[in-house]
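This report describes selected features of one protein model for a reader who has not met it before. Please have the sequence and the three-dimensional view at hand while reading.

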Amino acid sequence: MESTFPKIKNHLQDRNSLAWTKLCAYIDIVIKEEREIFSPAEGIGQECYQQIYTLPESIGLMKNVKHVDLYGSMLTSIPPEIGQMEALETFNSYTSDNLHWYPYEITNCTRLRSSKVSTRVLYTHLKGKRGFPDLKDNPVRYHGETVKCSICQKEMTYGHTNQRWISLWVGNNVLPLLTNLCSTQCQALLPQPPEGYVQFPHKGGPRSNYIRK
């Protein structure tokens, strides 16, 4: 029904927890040793892994990682810095049932060819599954007080960003992506969604809101 829509839950992660400390230390090791695989379940253990709801911004420094394994995670979001993982080729977040959307910046991973996600939990309207949260009433917030434009990388406060949903191919799947936009010019540079999905960037919410503006 369109009377209710999912809510974005921001800032769930306890960044003072032992699990978070271990994850940050594991990422430091991956970076230092120039590893090609990032598997936090293996790196910090299942007990800590199940206490992780997002990833540190330092994932963008994992320049040699080709394979990301987030199978069975409790993640609710991934930071835009994933787009800086220039060697990324495969991405697995299968059975991460709380991960309903991804950052637009993942499209910057130009070598990414293979993805495995739980499509049944993704936000989408035209496929008759979960509706998109209404960004007008419930915007997404990453860590920190500022965010960069998904297109031109201009840094801005959240008060100046225009958030929009868009559905695009990423690896083997069409994913719901969150964009942070600084201008209508940058919005106009977004790619065309595939047939069968909302054909333009939108704010989510009831289908009556799905108008091009």
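## Tyr-142 and its aromatic partners

In this predicted model, Tyr-142 is buried because its relative accessible area is 8%, below the limit of 20%. Its partner Trp-101 has a relative accessible area of 4% and is therefore buried as well.

A search of the whole structure finds 8 aromatic pairs. One of them is stacked: the ring centres of Tyr-26 and Phe-38 are 5.6 Å apart and the ring planes meet at 20 degrees, an angle under the 30 degrees that bounds stacking. This pair joins distant parts of the chain, with Tyr-26 in helix H1 and Phe-38 in strand E1, 12 residues apart. Tyr-26 is buried, with 8% relative accessible area, and Phe-38 counts as buried at 1%.

The rings of Trp-101 and Tyr-142 have centres 6.2 Å apart and planes at 55 degrees, so this pair is classed as tilted. It too connects distant parts of the chain, 41 residues apart: Trp-101 belongs to the loop between E3 and E4, and Tyr-142 to the loop between strand E5 (114-116) and E6. Both residues also take part in a cluster in which ring pairs link Trp-101, Tyr-123, Phe-132, Tyr-142 and Trp-165.

## A charge over a ring

Another contact of an aromatic ring involves a lysine. The charged end of Lys-116 sits over the ring of Tyr-94, at 4.9 Å from the ring centre.

## Surroundings of Ser-39

Ser-39 is placed in the loop between E1 and helix H2 (40-44). Is this residue buried or exposed? Ser-39 is buried, since its relative accessible area is 8%, under the 20% limit.

When neighbours within four places in sequence are left aside, Ser-39 is in contact with Tyr-26 and Asp-69. Of these two contacts, Tyr-26 has already appeared as a member of the stacked pair with Phe-38.

## Loop residues with positive phi

Two residues other than glycine deserve a note on their backbone angles. Glu-34 has a phi near 55 degrees, a positive value, and is found in the loop between helix H1 (18-32) and strand E1 (37-38). With a relative accessibility of 53%, Glu-34 counts as exposed, because the threshold for that class is 50%.

Thr-95 has a positive phi near 60 degrees. Thr-95 lies in the loop between strand E3 (90-92) and strand E4 (102-103). Its relative accessible area is 26%, so Thr-95 is partly exposed.

## Pockets

Rolling a probe the size of a water molecule over the atoms reveals where empty space remains. The largest pocket holds about 470 Å³ of space. Its lining consists of 25 residues, and those nearest its centre are Lys-9, Asn-10, Leu-12, Thr-76 and Ser-77. By type, the lining of the largest pocket divides into 10 nonpolar, 9 polar and 6 charged residues.

The second largest pocket holds about 330 Å³. It is lined by 16 residues, with Pro-80, Glu-81, Gln-84, Val-147 and Lys-148 closest to its centre. Which element gives the largest share of the lining of the second largest pocket? That share, 3 residues, comes from strand E6 (residues 146-148). The lining of the second largest pocket is made up of 5 nonpolar, 6 polar and 5 charged residues.

Notes: Residues are numbered from 1 along each chain as its sequence is written. This is a predicted model: local features need pLDDT of at least 70, side-chain atom pairs count only at pLDDT 80 or more; totals for chains, interfaces and linings use all residues. Side-chain values use heavy atoms; hydrogens and water are left out. Helices (H or I, at least four residues) and strands (E, at least two) are DSSP runs, numbered from the N terminus. Buried means under 20% relative accessible area, exposed over 50%, partly exposed in between (1.4 Å probe, protein chains only). On a 1 Å grid over the protein atoms alone, a cavity is a set of points where a 1.4 Å probe fits but cannot get out, and a pocket is an open set with protein on both sides within 12 Å along at least five of seven lines; lining residues have an atom within 4 Å of a point. Grid points are joined across faces, edges and corners, and a volume is the space filled by probe spheres set on the points. Ala, Val, Leu, Ile, Met, Phe, Trp, Tyr, Cys and Pro count as nonpolar, Asp, Glu, Lys and Arg as charged, and the others, Gly among them, as polar. Contact means heavy atoms within 4.5 Å. Rings of Phe, Tyr and Trp (its six-membered ring) pair if their centres lie within 6.5 Å; planes under 30 degrees apart count as stacked, over 60 as edge-to-face and the rest as tilted. A charge sits over a ring if NZ of Lys or CZ of Arg is within 6 Å of the ring centre and within 35 degrees of the ring normal.
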